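Please open the model in a viewer and keep the selection tool at hand. The tour below proceeds stop by stop, naming what to select and describing what is found there.

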Amino acid sequence: MATLADIGVSALINILTSFAFLLAFALLRIQPINDRVYFPKWYISGGRSSPRGTRNFVGKFVNLNFKTYLTFLNWMPQALRMSESEIITHAGLDSAAFLRIYTLGIKIFVPVTVVALLILIPVNVSSGTLFFLRKELVVSNIDKLSISNVPPKSTRFFVHIGLEYLFTAWICFLLYKEYDNVASMRLAFFASQRRRVEQFTVVVRNIPHISGHSISETVDSFFQTNHPNHYIGHQGVYNANKFAKLVRRRERLQNWLDYYQLKFDRHPDKKRPTVNTGFLGLLGRKVDAIEYYKQVIKDLDTLMISERQRVIKDSKSVLPVAFLSFDSRWGASVCAQTQQSKNPTLWLTDWAPEPRDVYWRNLAIPFVSLTIRKFVITALVFALIFFYMIPIAFVQSLANLEGLERVAPFLRTVIELKFIKSFLQGFLPGLALKIFLYILPTVLMIMSKIEGYIALSTLERKTASKYYYFMLVNVFLGSIITGTAFEQLHAFLHQSATQIPRTIGVSIPMKATFFMTYIMVDGWAGIAGEILRLKPLVIYHLKNMFLVKTERDRGKAMDPGSVDFPETIPSLQLYFLLGIVYAVVTPLLLPFIVVFFAFAYLVYRHQIINVYNQQYESAAAFWPHVHSRIIASLIISQLLLLGLLSTKKAAKSTPLLVILPALTYVFHVYCRSRFEPAFRKYPLEEAMSKDLLEKSTEPDLNIKAYLADAYLHPIFRSFEVEEEELVEVRVDKHETHAASPPLMSEHSSPSASHHHHHHNIEEPSPPHYNDYPTSPPSYYYHEPSQLHYGYHYQGEP
């Protein structure tokens, strides 16, 4: 078991590691060659240009202004300078709400830490129970500061129970205030936004097949009948495997054309570039590269238009999914939030995700298979959780060497070396656990995708839920159970069965030493590694050296991605759980938690301002999960304390704790009924208010034109189509619909400004509080899937 000296060694290693990472970051970020790695968000928004263009050869790579090296820590005050409203404007409400989780942790644990250390440490230390148990249990000097040191039947447990009530009341008060603030921010965010396509769009799934009628006819007929005053048309979903392959091929060819064109433009006096037309560009006749790729792309564009026409005209390609368009927010709200059919499994409507939030692949999944998929994935997650008990047990064996020594004395010679023992117990367990958890979020995301959710935000929330349950069962409960078994292995094997509950009750607080090492590795050194961005730095320079040929390639190479919500938020919830559980049990753990929240808040503020570019905006839809899991942490801490006190024979004080979990749950139910509707539904009152305001300010708005290309699939935006090709495609759309019944006639095409908004990718802008773009630059789209959208708008009534 880790002693105070082992924790000191671990703290020293992690502090030095963190300082080294921060120093490396401070120096690397001011080098011109790394500018796109540490400030990609500003490049994407157009607020920053490369500092390498106006410098000499050496200055393009190394910062020669030595004065900047004296202020290399100025990133810290800069990260704190931007206000919350400015962060919402710059990065979106999701990012601002994410940072509020860290401030909530600071507000909770700073006062709790002060009170717990000043009151509980003296109460625990002066008891001295572990002095009498040291021959039968493995104990350390840190455990003497915990509740384990209080003797059975002691009246001192009233102090612990009183503080449990006090801490619960404080945390519930802050949770209520924070839930209220975030819900208000969400509603204000919606109210202040300009018109957005998803406010008028509903997705409908499981459209029934009616003999003799196409999917489009069925959709139009149903919604014209049931929503006659507001329904204006729909966008059908098509399966297009071959077209997706052609799009990917065209992107590669366009990239080569750009490369050779730029190469020639830089040196027009030299010979035009050439290329071999045979295998891999190594065989065949040599031709002009620019003219060759232009001709190949032109031929491919003709093939793509033909393939697109074939898919649209093929009724077998139509999927039972559609995006419905309404002429008002009120009409869309009524449709999205009500049951459409007597059969509750048909005509399933919901709000359409914003275009950049749609996970296009899963729209093709038959609705009937979703329940089966979710059942199978639930079983697999359950199996995975228990499979991971094996590496968790291995990690705990590293953390509890004394328990192994008593059973296997032959290992004593090696592990009794002082530094090796301190390293194994104070640093290695946390590092090993971090390594075992590294690939887990990716695996869980794949599982969530298989379940069939159609929004990226939903996929990330479901992945975060799975990861949270994993962290709760394996990292927290698993570490306690397996750690206790290893730690007290000798006691388990040599004492009567009636004494085992007592041994577990005493041993649970002792696992605080393991969690201290984990917090230092993951929460100190890990957060410092987050800001260093060593992996993106290396990958960017390797791509820049070997793969980047054009500015489009450079944009892809510097892609920073979004904040990793599926991994980061569950990890945060684990820290809340550890802090809340051990606040009364082993308060010495709390300073480690406070350092984590403060340090992580500073780092992620910098990252959100300068690095991450959110892929979508869910308007803090994840906050109900954050709230409910902190409530779960409270209830878990109360139940564990109740179980611990029962082993201490505290019959007089324990009954006082029984009612606390029930009161906490009642508080949770109240908060859920009070605030959660703001995260689940859109008020009709608000919808009507915005509709009336818009009609008075923009009476001539053509909403059909505004919505016409709103949910065009990314594979149709990922290349620039020539004007004459656009005309052909529009003619095709018109002809296709003209051949259909009158309900499906094409009415309008996008306005010029709207078309420009979706297709111009040269000067992307960051999200704004009042008006963020509905689609990011093309190099942020997902891998093309096999779906395509046709447009079906009814004529004027």
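Select F386 to begin: in this predicted model, its relative accessibility is 44%, so F386 counts as partly exposed. Now add F382, which counts as exposed at 55% relative accessibility. Both residues belong to helix α14 (residues 370-387), where a spacing of 4 residues separates F382 and F386 by about one helical turn. The ring centres of F382 and F386 are 4.8 Å apart and the planes stand at 50 degrees, so this pair is classed as tilted.

**The whole chain**

Zoom out to display the protein chain in full. Its secondary structure consists of 35 helices and 7 strands. Of the 797 residues in the chain, 55% are buried. The accessible surface amounts to about 34,900 Å², and carbon and sulfur atoms account for 64% of that area. Consider also the contacts between residues at least 6 apart in sequence: 83% of them join residues at least 24 apart.

**Aromatic rings**

How many aromatic pairs does the count come to? The count comes to 39. For one of these pairs, select F323 and Y711. Their ring centres are 4.5 Å apart and their planes are at 15 degrees; the pair is therefore stacked, since planes under 30 degrees apart count as such. F323 lies in strand β5 (residues 318-326), whereas Y711 lies in the loop between α33 (703-707) and α34 (723-738), so the pair ties together parts that are 388 residues apart in sequence. Are these two residues buried or exposed? F323 is buried, with a relative accessible area of 0%, and Y711 also counts as buried, at 1% relative accessibility.

Next, select F98, Y102, F109, F565, Y575, F576, F596, F597, Y604 and F622 together; these residues form one aromatic cluster.

**Charges over rings**

Move to R272 and F264. The charged end of R272 is placed over the ring of F264, 4.9 Å from the ring centre. A second arrangement of this kind is found at R195, which lies over the face of Y706 at 4.8 Å from the centre of the ring.

**Salt bridges**

Keep R195 selected and add E698. The two residues form a salt bridge, in which the closest N and O atoms are 3.0 Å apart. This pair links distant parts of the chain: R195 is in the loop between α9 (157-192) and β1 (201-205), while E698 is in the loop between α32 (684-697) and α33, and 503 residues separate them. E698 counts as partly exposed, at 36% relative accessibility.

Which residues are linked with R195 and E698 in a network of salt bridges? Extend the selection to R329, D691 and E694, which complete the network. Within it, R329 forms a salt bridge with E694, the closest N and O atoms being 3.2 Å apart. R329 lies in helix α13 (residues 329-336) and E694 in helix α32, so this pair ties together parts that are 365 residues apart in sequence. Both R329 and E694 are buried.

The count of salt bridges comes to 15. Another of them is formed by R310 and E307, whose closest N and O atoms are 2.7 Å apart. These two residues stand 3 residues apart in helix α12 (residues 289-313) and are thus separated by about one helical turn. R310 is partly exposed, with a relative accessible area of 44%, whereas E307 counts as buried at 5% relative accessibility.

**A buried arginine**

Select R29, in the loop between α1 (4-28) and α2 (35-38). R29 is buried yet has no salt bridge. The nearest side chain of opposite charge is that of D35, 8.1 Å away. Apart from neighbours within four places in sequence, the residues in contact with R29 are Y38, F39, F72, N74, W75, Q78 and H606.

**A buried valine**

For the last stop, select V603 in helix α28 (residues 590-610). V603 is buried, with a relative accessible area of 0%. Which residues is V603 in contact with, leaving aside its neighbours within four places in sequence? They are I527, E530 and I531. V603 and I527 are 76 residues apart in sequence, while the C-alpha to C-alpha distance between them is 7.2 Å.

How values were computed
Residues numbered from 1 in each chain as written. Predicted model: local features only at pLDDT ≥ 70, side-chain atom pairs only at ≥ 80, totals over all residues. Heavy atoms only, no water. Buried < 20%, exposed > 50% of the residue type's maximum accessible area, 1.4 Å probe, protein only. Lys, Arg positive; Asp, Glu negative; His and termini not counted. Salt bridge = Lys/Arg side-chain N within 4 Å of Asp/Glu carboxyl O. Contact = heavy atoms within 4.5 Å. Phe/Tyr/Trp six-rings, centres within 6.5 Å; stacked < 30°, edge-to-face > 60°. Lys NZ or Arg CZ within 6 Å of the ring centre and 35° of its normal. Areas by Shrake-Rupley, 256 points an atom, 1.4 Å probe, with all protein chains shown as cover.
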